[in-house]
Amino acid sequence: MTARRTHYAATVSIDRPTTGRVVVDVRLTSGDADSAALSTVMPAMGHAMPEITAREPEPGHFVAEGEFFPMTGVWELSIRLNGPAGEEVLTVNAPITG
């Protein structure tokens, strides 16, 4: 999945698009972010999960692990990025299967 806004663009991948504990990988393709935090919402059901801070194993690469998707369906994954250009939130739709 890819997402782009004014200051940042990223490629996002989920190790297993399923419920339970997963790893989300964010690789910037544009922009210079110092930090990233991820959260999810399921608009159709009114569910939201708390934000999880990502670690940065190398510049422009962020990894977050946790329970982002407690049930199957389409979730919105938000990536809040902070850097010299300011704060910006990228959003992608994540279809989650059981």
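This report covers a strand sheet, a nonpolar core, an aromatic cluster and one loop residue.

## The model

This is a predicted model, in which local features need pLDDT of at least 70, side-chain atom pairs count only at pLDDT 80 or more, and totals for chains, interfaces and linings use all residues. Residues are numbered from 1 along each chain as its sequence is written, and side-chain values use heavy atoms, with hydrogens and water left out.

## The open sheet

Which order do the strands of the open sheet follow? Five strands line up as β1-β2-β3-β7-β6, and their pairing is antiparallel. Strands (E, at least two residues) are DSSP runs, numbered from the N terminus. Two strands pair if DSSP finds at least two bridges between them. The edges belong to β1 (2–4) and β6 (55–58); each has a single partner strand, so one side of each lacks a neighbour in the sheet. On average, neighbouring strands of this sheet are turned by 30 degrees against each other, direction ignored. The axes behind that angle are lines fitted to C-alpha atoms.

Strand β3 covers residues 20–30. Six bridges join β3 to β2 (residues 9–14), and the two run antiparallel. β2 and β3 form a hairpin with five residues between them. Across this pairing, V12 stands opposite V26, and S13 has D25 as its bridge partner. Eight bridges join β3 to β7, again antiparallel. There, G20 of β3 faces F69 of β7.

## The nonpolar core

In soluble globular proteins, nonpolar side chains tend to be buried together. A nonpolar core is a set of buried Ala, Val, Leu, Ile, Met, Phe, Trp, Tyr and Cys residues joined through side-chain atoms within 4.5 Å. Buried means under 20% relative accessible area, exposed over 50%, and partly exposed in between (1.4 Å probe, protein chains only). The largest core here has 26 residues, and V24, L38, I79 and L81 touch the most other members. At least two residues of this core come from each of β2, β3, β4 (35–42), β7 (61–69), β8 (73–83) and β9 (86–96).

L28 sits in β3. Its relative accessibility is 15%, so L28 counts as buried. Contact means heavy atoms within 4.5 Å. Leaving out residues up to four places away in sequence, L28 touches A9, A10, A33, G60, F62 and L81. L28 and L81 are 53 residues apart along the chain, yet their C-alpha atoms are separated by 10.0 Å. With the same sequence neighbours left out, the contacts of L81 include Y8, L28, F62 and L90.

## The aromatic cluster

How many aromatic pairs does the whole structure hold? A search finds two. Rings of Phe, Tyr and Trp (its six-membered ring) pair if their centres lie within 6.5 Å; planes under 30 degrees apart count as stacked, over 60 as edge-to-face and the rest as tilted. The rings of F68 and F69 have centres 6.1 Å apart and planes at 45 degrees, so this pair is tilted. For F69 and W75, the centres are 6.0 Å apart and the planes at 70 degrees, so this pair is edge-to-face.

Ring pairs thus link F68, F69 and W75 into a cluster. F68 and F69 are both buried. F69 has a relative accessible area of 0%, and W75 is buried with a value of 0%.

## A loop residue

Where is T18? T18 lies in the loop between β2 and β3. Its relative accessibility is 14%, so T18 counts as buried. The T18 side chain reaches the backbone oxygen of T97 at 3.1 Å. Not counting residues up to four places away in sequence, T18 touches F69, I96, T97 and G98.

Notes: Helices (H or I, at least four residues) and strands (E, at least two) are DSSP runs, numbered from the N terminus. Axes are lines fitted to C-alpha atoms, for helices over the stretch in contact, and angles run from 0 to 180 degrees between N-to-C directions. A polar contact is a pair of N or O atoms within 3.5 Å; within protein, one must be able to donate a hydrogen and the other to accept it, and residues adjacent in sequence count only if both atoms are side-chain atoms.
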